[in-house]
Structures are given as C-alpha cells and as structure tokens.
Amino acid sequence: MCTLHPEEEAHLAAMALSPSPRTLDSSRPSTPTPCSLFDVCWDDVLIPQVAVYLTLKDLFNLRCCSRTAKKFAEAAMEKRQELHLSGNNSSNIEDGFRVLARCCRRLEVLHLACCRWLTDDLLLPLLANNKQRLVAVNLNECINITALSLQPIIVECKELRVLKLSKCQWLTTGAVDALTLHQSKLVEFDISYCGAIGERCLIIFFRRLNNLTVLSLANTPSVTDQVLIQIGNYCRELEHINLIGCAAISDYGVHALTVHCPRIRTLLIRRCPRVTERSLAPLRQRCLFIDRPLLEGAHNAYSLNDFYPSSFLVY
Amino acid sequence: MSLNPTVCKEPKFVQLQTCEGYIHDVETSLLEQMGTVHDLLMVECSDSNGIIPLLKIESRIMKLVVQWCRLVQNNSARTEASDRSTMFTELLEEASGDDKVVIQLLLAANYLHVESLLEVGTQYLADVITACETAEEIRIRFNLQNDIPSDETEEP
C-alpha cells in the first residue's frame, strides 16, 4: 500500500472537484477519469523509478513547468543520492546549486571537482543537510573554498570513505590533524599538490588509516621516506598509490612501502629521481603496474652502493 | 477460487473484472507476474462467482497488461533492458497507444505489481522527459499548465 505525498493528495483533491464526477453506485462500475503524469504514485514509482533516470537538467526543466512539476522535481532532488557537477562552470550554476543545497537531503556521493565558482557560503548549507549520509566527497581543485567547508566534512560525516582534495592549497596541517582525530575509516584519499601540509602531520595521519586502499600524494613536497615507512607499517590494505613528483622519496622508502603492502597493484613514481630500478626491479617481478618503463642500463640513477633514507625533513 | 493445491485443482483461467464491468479470462500461468492478483487468490478474495474485481483498471488497459505478461512469458530469454524496451514500444504501436496510455499502464502496473511492466514503462517515461530540451516542450508533451506565479519564476 503506497502512502501519498502531500502534494499528491492536493493534486487528487483538485481532480475530485473536476466537472466529471465518478459514479459511486457499485452496480454501475465507473470509468476512471483521465489521468496525468503526476497521478502516478510519487513515492513508489515516479521518484524511485522515473526520476532516478532523469538528469539535473531534466529536473530543472520540470521545475519550470508547473507548480506540481516543481514540487515533484524538488521531491526527486530530496531523494537523490549522487550529485555530479565536476567541471561544470556554466553561467547560472550558482543559482542551480543553491536550489540543490536546499532540496537535497540524502546525498551519499558529492563530486564538485574543478568547480571554481564554489565558495564556503554555497557549500556549507548543502553539507549541513547531507552530512549524515555522505560517503564520497570530491573537492579536487575547488580553489575558492577554505578549510571552513572542510570542518563539517571532517567532524560530522561519520560514513565518509572517499575524500579528494587535490590542488586544495588551502588545506592546512591543522585540517589534516582534525582528519586524524575524526576520520580513520577512509578507503580512498587524495591530497596531491597540497603544498601546505607538513611531514610530521602526515606521519601521524597515516598511522590511523588502516583501511586505505587508494592514495594519491602526487607532487606533495612533504612526502618523504619516513612518510612511506609509516604508510607501509599502517596501511597494509593499500592497492594503488600515486607518488608522481614526490622528489624527496628514494629507493629506501619505496622498498619499505612495498615490502609491507602485499596488495599493491599500482605504483606511480614518475619524476621521482631518487627512485631507481634497485627498488623497482623486484616489483616488476610481482606484476605491479609501474608507470615508469624499464630502460636498458638504467639501474641506478644516483648511487650503486646503498639505500639511504631522505636526509631532510620538510615541514 | 484458490491456488492452494490442497483445496482444489488449479484452474487454467482466472476471471478479472475491470471498472466497466467487463470480465477478462486470464491464464493462471500469467498470474505470477501480477503480484496483487496472485496474493488475492492466495487468500481467496474473489466474490462468490470466482470473479476478482479490479475496479481501478479500464478494460483497454487490462488487455494491454495481459498482452504484456504474455509477451514476457513467451520471450523469457529476452531479459535485457533494451529487448524489453523494444517489446514495450512494439506493444504500444500495435495498440496505437500514446503517453496517456503509458501513464495508465504505469498506474495499472503499480496497482497489480507487474514489476517488469513498471520497469519498462518508467524507463520509457524517463526517456520521453529527457528527450524534451526545454520546459515548454515538457508542458506541451504532458499537457501541463504553467501555473507558477511570475514572482516565483524569478526565485532560484
């Protein structure tokens, strides 16, 4: 038995006042009055089985059709589980986002990468309405938000498993410390190109991320062999790691990482001049995908003699 | 009438009465697809003549529902969404059905719990909405009146 949405009841009540009354005499069965799109049950059919196939453009078009269509579109937005706006920088996107922030209440996946228009004022209301269910948040290259937007994500999104903050230069050591306190169940994490984070906070952070399987630290200058050792010791489920451009790491750190992470399948280490075939050759036999091809005679880029840890700390 | 094998021999047809009073003889083998009717028979909810009243459904729509159930039964290997969509479109074309027929089919499918018809009908409806480029096209297609006040139109 389906329950009626309040707007459905109003719609049906309006139909009951239409000029062609139904026949109630049971000996003379009546013909149902003509029906419209919104007569179909919203909760059982229209929202879970029609609206789920509609794009945001379709829903916003419906919002402009009629009052009932607007209520339906907003009811559909309320139940929507995923919001994909990555790369969308169209002219009226901010107005549309305000509507989504007000209507969406069940989001689990939020993709807003490269949304240069996004500010804290726009994002915070959406996070306030959806913090209980968010599982994956992608804020890569959202250059105009600040750590203020990150606060509800860190503190209140208890189900968070995927967090992407690539090129978020506003990401501070303090924010990573807060992540350490509140978010230990992350499975996928991206802080590539985040230059403001220190080595020490990364070392402490990875001690808690025991479920991590996908990690990107590309072009993060504070990633050192010490950080890789911590990842190796505590992130034993790791499968894919991106260390492109981490100039401070060496064979020592890669060796420590890969010895302790038996599930690793992908290792990206281009532009890591201190990582050589000394650490990579054994991994090629493990059938890992390594983005640097094997070159003839290129065994040791710097020294034939030893592994050595990175000799400086970056804060 | 009951489907309980300990009570009586399973009949080959069930009689369903639509809102105009017409009786439809439907093969019991199709009833597995009509959850509501199947459940009604399990608790012996037909009247004394063994006729099950379905007063929310028109005869024309009931015929299409039964035709759909036969198509699904006879094409049980064609379970891909695209195959089912093709079957649905062909059924509509044969019946010269328009969007109103699709909506009535969805109402009937929801009432009768015909899951396969709900799936294919909702996909069809979603495709129709997506094919409309503007709000005006949607209004024309589904005969919607623009009753949004102008001041609300300007708000986000």
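A salt bridge here is a side-chain nitrogen of Lys or Arg within 4 Å of a carboxyl oxygen of Asp or Glu. By that rule, chain A and chain B share 1 salt bridge between them, while a search of the whole structure finds 14 over all chains. Please keep in mind that this is a predicted model, where local features need pLDDT of at least 70, side-chain atom pairs count only at pLDDT 80 or more, and totals for chains, interfaces and linings use all residues. Residues are numbered from 1 along each chain as its sequence is written, chains are lettered from A in the order in which they are written, and side-chain values use heavy atoms, with hydrogens and water left out.

**Confidence**

- The model scores ipTM 0.82 and pTM 0.80.
- For chain B, the mean pLDDT (the predictor's confidence in each residue, from 0 to 100) is 85, and 86% of its residues reach 70 or more.
- Among the elements of chain B, helix α5 (residues 115-131) has the highest mean pLDDT, 95, and helix α7 (residues 150-154) the lowest, 66; helices (H or I, at least four residues) and strands (E, at least two) are DSSP runs, numbered from the N terminus.
- Over residues 1-7 of chain B the pLDDT is below 50, and this stretch has 15 contacts in the model beyond near neighbours in sequence, a contact being heavy atoms within 4.5 Å.
- Where pLDDT is low, the predicted coordinates should not be read in detail.

**Where chain A meets chain B**

- On the chain A side, 31 residues are in contact with 33 residues of chain B.
- The two chains bury about 2,800 Å² between them, with 65% of it on carbon and sulfur atoms; buried area is the accessible area (1.4 Å probe) that two parts lose on being put together, summed over both.
- Leu37(A), Cys65(A) and Arg67(A) lose the most area to chain B in chain A, together 20% of what that side buries.
- The salt bridge across the interface pairs the side chains of Lys57(A) and Glu133(B), at 2.9 Å from N to O.
- The elements that give two or more residues to the chain A side are α2 (42-50), α3 (56-63), α4 (67-79) and α5 (93-103) of chain A.
- That side divides into 16 nonpolar, 6 polar and 9 charged residues, where Ala, Val, Leu, Ile, Met, Phe, Trp, Tyr, Cys and Pro count as nonpolar, Asp, Glu, Lys and Arg as charged, and the others, Gly among them, as polar.

**Salt bridges within the chains**

- Side chains of opposite charge can pair when their charged atoms come close.
- Glu188(A) and Lys164(A) meet at 3.1 Å, N to O, linking strand β5 (residues 188-190) with strand β4 (residues 162-164) of chain A, 24 residues apart.
- Glu188(A) is partly exposed, with a relative accessible area of 23%; buried means under 20%, exposed over 50% and partly exposed in between (1.4 Å probe, protein chains only).
- Arg263(A) and Glu237(A) form a salt bridge at 3.3 Å, N to O.
- Arg263(A) lies in the loop between α11 (251-260) and β8 (266-268) of chain A and Glu237(A) in the loop between α10 (225-234) and β7 (240-242) of chain A, so their pairing ties together parts 26 residues apart in sequence.
- In chain B, the closest N and O atoms of the Arg70(B) and Glu27(B) salt bridge are 2.8 Å apart.
- Arg70(B) sits in helix α2 (residues 59-74) and Glu27(B) in strand β2 (residues 23-27) of chain B, so this pair ties together parts 43 residues apart in sequence.
- Arg70(B) is partly exposed at 31% relative accessibility, whereas Glu27(B) is buried at 19%.
- Salt bridges that share partners join Arg63(A), Glu74(A) and Arg102(A) into one network.
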